[in-house]
Amino acid sequence: MHLVTTTPPAAPALLVDDARAHCRTPSSDDSYLETLIAVATSWVEAWLGRALINRTYTYKLDAFPGQPWWADPPCWQCGGEIMLPYPPLVSVTSVVYRDTETTTATLSSSTAYEVDSGSLPGRVRLRYGQAWPNVLSHPLAVTIVYVAGYGASDAAIPDQIRHALKFLVGHLYEHREASSPLSVSTVPYGVEALLMPFRVFTRF
């Protein structure tokens, strides 16, 4: 399994103006606050198992579920569906697989599979009566490109998550020796309490 962000978010998960107001700091610290926002966002997304601002992921698997038996994904992701990491799922752009050494084929979303963006995590499911095609025995032979996130701007993120980001940025700002942009080892209890209802416990 291999997951990379191919199109990063176009906006921050927390505006620097909001972080400045929360920290009660002058605009001269904006550059430092932007660094802290990036660090806090990375920590929150990893802890939640969610994408906050929309971005495009490329997800690669050794085979489709259940074929062959030794392939990635593991057995809990078998049968007729593939769960996609870092919800909420917005859309699936393409499902491509390697059918020979030199060629690939693209599955049709209208006939072969359907997208379930309402589940957590989102899923690519076989349509009724369909089966996954055979793929070449080759590492990372299946490629799924999809978009995930709450929306295109910070306004789409739930208020509890945005407030947790403010708490974490404020903590990092006030405790520069104990917590720096290079390491977040301890976070305030209130951050995890705010985030807990949104945590995704299915890990990939």
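In this predicted model, I82 has V124 of β7 as its bridge partner. That contact belongs to the pairing of β3 with β7, which is antiparallel and runs over three bridges. On the β6 side, V124 also stands opposite V115, and E114 stands opposite R125 in β7. Here β6 and β7 (residues 123-126) pair over four bridges, again in the antiparallel sense. Put together, the three strands make an open sheet ordered β3-β7-β6, with antiparallel pairing. The edges are β3 (81-83) and β6 (113-116), each of which pairs on one side only. From one strand to the next, the twist averages 20°. As for the link between β6 and β7, a hairpin of six residues joins them.

The loop between β6 and β7 is also where P121 sits. The peptide bond joining L120 and P121 is cis, with omega about 0°. A further cis bond runs from P87 to P88, this time with omega near 5°, and P88 is placed in the loop between β3 and β4 (89-98). For context, most peptide bonds are trans, and most residues other than glycine have a negative phi.

Charged side chains add another layer to this sheet. E81 and R123 form a salt bridge in which the closest N and O atoms are 2.8 Å apart. Since E81 lies in strand β3 and R123 in strand β7, the pair ties together parts that are 42 residues apart in sequence. With a relative accessible area of 18%, R123 falls below the 20% cut-off and is therefore buried. A second salt bridge links E114 to R127, with 3.9 Å between the closest N and O atoms. E114 belongs to strand β6 and R127 to the loop between β7 and β8 (142-148), so this pair connects parts 13 residues apart in sequence. Both ends are partly exposed: E114 has 33% relative accessibility, and R127 has a relative accessible area of 30%. These contacts don't stand alone, as salt bridges with shared partners join E81, E114, D116, R123, R125 and R127 into one network. Of the residues in that network, E114 and R125 also face each other across the β6-β7 pairing.

The count of salt bridges comes to eleven. One of them brings the side chains of D18 and R162 together at 3.8 Å, N to O. This one ties helix to helix: D18 is in α1 (residues 16-23) and R162 in α3 (residues 159-174), so the bridge spans parts that are 144 residues apart in sequence. The two ends are not equally accessible, since D18 counts as partly exposed at 24%, while R162 counts as buried at 18%. In general terms, side chains of opposite charge can pair when their charged atoms come close.

Zooming out to the protein chain, there are four helices and eight strands. Read along the sequence, they follow the pattern β-α-α-β-β-β-β-β-β-β-α-α. Of the 204 residues in the chain, 45% are buried.

Two residues other than glycine catch the eye for their backbone angles. R24, which is found in the loop between α1 and α2, has a positive phi of about 50°. At 76% relative accessibility, R24 counts as exposed. The other is L140, whose phi is positive too, near 55°. L140 is found in the loop between β7 and β8, and with a relative accessible area of 30% L140 is partly exposed.

That leaves the pockets. The largest pocket has a volume of about 230 Å³. Its lining consists of 16 residues, with P9, A11, P12, A13 and T41 lying nearest the centre. Helix α2 (residues 30-48) supplies five residues, the largest share of the lining. By character, the lining of this pocket divides into eleven nonpolar, two polar and three charged residues.

Key: Residues are numbered from 1 along each chain as its sequence is written. This is a predicted model: local features need pLDDT of at least 70, side-chain atom pairs count only at pLDDT 80 or more; totals for chains, interfaces and linings use all residues. Side-chain values use heavy atoms; hydrogens and water are left out. Two strands pair if DSSP finds at least two bridges between them. Axes are lines fitted to C-alpha atoms, for helices over the stretch in contact, and angles run from 0 to 180 degrees between N-to-C directions. A salt bridge is a side-chain nitrogen of Lys or Arg within 4 Å of a carboxyl oxygen of Asp or Glu. Buried means under 20% relative accessible area, exposed over 50%, partly exposed in between (1.4 Å probe, protein chains only). On a 1 Å grid over the protein atoms alone, a cavity is a set of points where a 1.4 Å probe fits but cannot get out, and a pocket is an open set with protein on both sides within 12 Å along at least five of seven lines; lining residues have an atom within 4 Å of a point. Grid points are joined across faces, edges and corners, and a volume is the space filled by probe spheres set on the points. Ala, Val, Leu, Ile, Met, Phe, Trp, Tyr, Cys and Pro count as nonpolar, Asp, Glu, Lys and Arg as charged, and the others, Gly among them, as polar.
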